[in-house]
Amino acid sequence: MVAIGIWSRGRVKNIADFFTAGGKMPWWLSGISHHMSGYSAVMFVAFAAEAYRLGLTVYIWWSLTIGIGVGIGAFLFAGRWNRLRAKHGVASPLEYLARRYNVPTQQLMAWCGAVLKVVDIAAKWAAVSILLRGFAGVPIVWGIVLIGAVTMVYSVLGGLWADALTDMGQFVIQGAAGIAMFVAVAAHLGGISFTWTIWDKLPESHSDPLSGPYTLTFFMALFLIKTLEYNGGMWNLAQRYMAAPSGAAAKRSALLSAGLWLVWPLVLFFPMWAAPLIVPGMDGNAEQAYVEMGKAMLPAGMIGLVLAGFFSHTMAMVSSDANVISAVITRDMLPKLWKGITRLNADAQLKLARVTTFLFIGFSMVIAITSGGQGFVLKVVVDLVAATMGPIAIPLMLGLLPWFRKFGPSAAIASVVGGLGVWAFLYIEQLQKAAFVTKGVLVATPLIVSLILYIGFGLLKPEPSEDRDLLLESLNSDDESKPADDEPLSVKA
């Protein structure tokens, strides 16, 4: 990974190369990178624990919602993100918001999203360090420092090119590791038939599509959240579409990612579903279930390969997040705090981007080290990230669509503030053990409130703008003609 980062450094000539690969990334690499950037070791800690305790439901509410959502987004969002780069010089997913709404709206979403992301990444560091400790006895702090240092080196040097190329390498490692575990479990349980025979040996509820705290309300809310999140609401995934050569290529990359999301997680989840038959009695410590099963099923060399796969998952997600947060901070946040940034030459801007990436990764590592790890991962990923992603993503994503062209800054600000305010209230109530705050309520209510406020304010207080209409119209197709005012949005804003 470090070697790829060093090699990729030669492809990065300016800030556009660092953040969007200059729009030269092949569609298949963009699609694989998009897919890989949605994984981390969280899957083998928090989601593996849920698969161990509850069974099938984790595939239904997680990977199935993402696969279908990305497939929908291939037709609605992928091409539009790409055309923002191609026609307007956008290098950060939030850069267009200053013109789509206004600067205060852009800044509100940038600061809220950046705070959310640094905590989210801390959970990823904690997850992989828990696995490293379980497999190899490495203390959590050293695990975080080790993987953080490697990710920091190649992300700072190579930018998005390094992220995408390491994603490809990680895709190969993940494939070998996942298939190794699947084959080992199949051999232990009597062949490929285990995929349909295990359900008779597991508790009956393990085959239910939705069970435990994962209700239909939770599923429906998460489906909308994941559709927004994985089509650009999670900013780093918007970058993958922006890096493709054209809107049509971005659409193909989204369809490839959607297909992988529907199929590949099944290979990874079946061993998790079979784990209660191989390492029983771990309901109280299910976060360690995949570790114990690996140690029971695989020889040392294969365990090393699986562990490399965990590292690959986490580095893929963290490096892409670090790159996009650096883009948001460098392009959207710092210029409003320090006007001198806009006068920096190209080399100085590139250096600033690298410093920002370094500091972001370092800060997230500090949070992960102070968290202690255990129990932190699922709570952050579901209770914080899933619940707050909707209010932040709704104005960002719906603002790209022509149907909402008259929805202005009032609708966007009300949506973000109202949704996050409701989440804060519910989260405090949950800490106080309020019975009505279930996972479904915590995830669905902020999303619903945010959506109602966005649509309500947009309809009751429309804020039409000719400039906004021109912007949205320019995103409809890949035609070579540019809008009359085609200077970069950051300059115009």
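This text walks through three helices of a predicted model and one arginine in it. Local features need pLDDT of at least 70, side-chain atom pairs count only at pLDDT 80 or more, and totals for chains, interfaces and linings use all residues. Residues are numbered from 1 along each chain as its sequence is written, and side-chain values use heavy atoms, with hydrogens and water left out.

Start with helix α5, residues 57-76; helices here are DSSP runs of H or I, at least four residues, numbered from the N terminus. The expected span of a helix is 1.5 Å times one less than its number of residues, so the 20 residues of α5 should span 28 Å, and its end C-alpha atoms are indeed 28 Å apart. Of these 20 residues, 15 are buried (under 20% relative accessible area, with a 1.4 Å probe and protein chains only).

Helix α6 covers residues 78-88 and holds Arg85. Arg85 counts as buried because its relative accessibility is 15%. A polar atom of the Arg85 side chain lies 3.1 Å from the backbone oxygen of Ala244. The C-alpha atom of Arg85 is 9.9 Å from that of Gly247, although 162 residues separate the two along the chain.

Gly247 leads on to helix α13, residues 247-278. This helix has 32 residues and reaches 47 Å between its end C-alpha atoms, close to the expected 46 Å.

How do α6 and α13 meet? Their axes (lines fitted to C-alpha atoms over the stretch in contact, with angles from 0 to 180 degrees between N-to-C directions) come within 8 Å and cross at roughly 140°. That makes α6 oblique to α13, a class for angles that are not under 35 degrees, over 145, or 65 to 115.

Conventions. Helices (H or I, at least four residues) and strands (E, at least two) are DSSP runs, numbered from the N terminus. Buried means under 20% relative accessible area, exposed over 50%, partly exposed in between (1.4 Å probe, protein chains only). A polar contact is a pair of N or O atoms within 3.5 Å; within protein, one must be able to donate a hydrogen and the other to accept it, and residues adjacent in sequence count only if both atoms are side-chain atoms.
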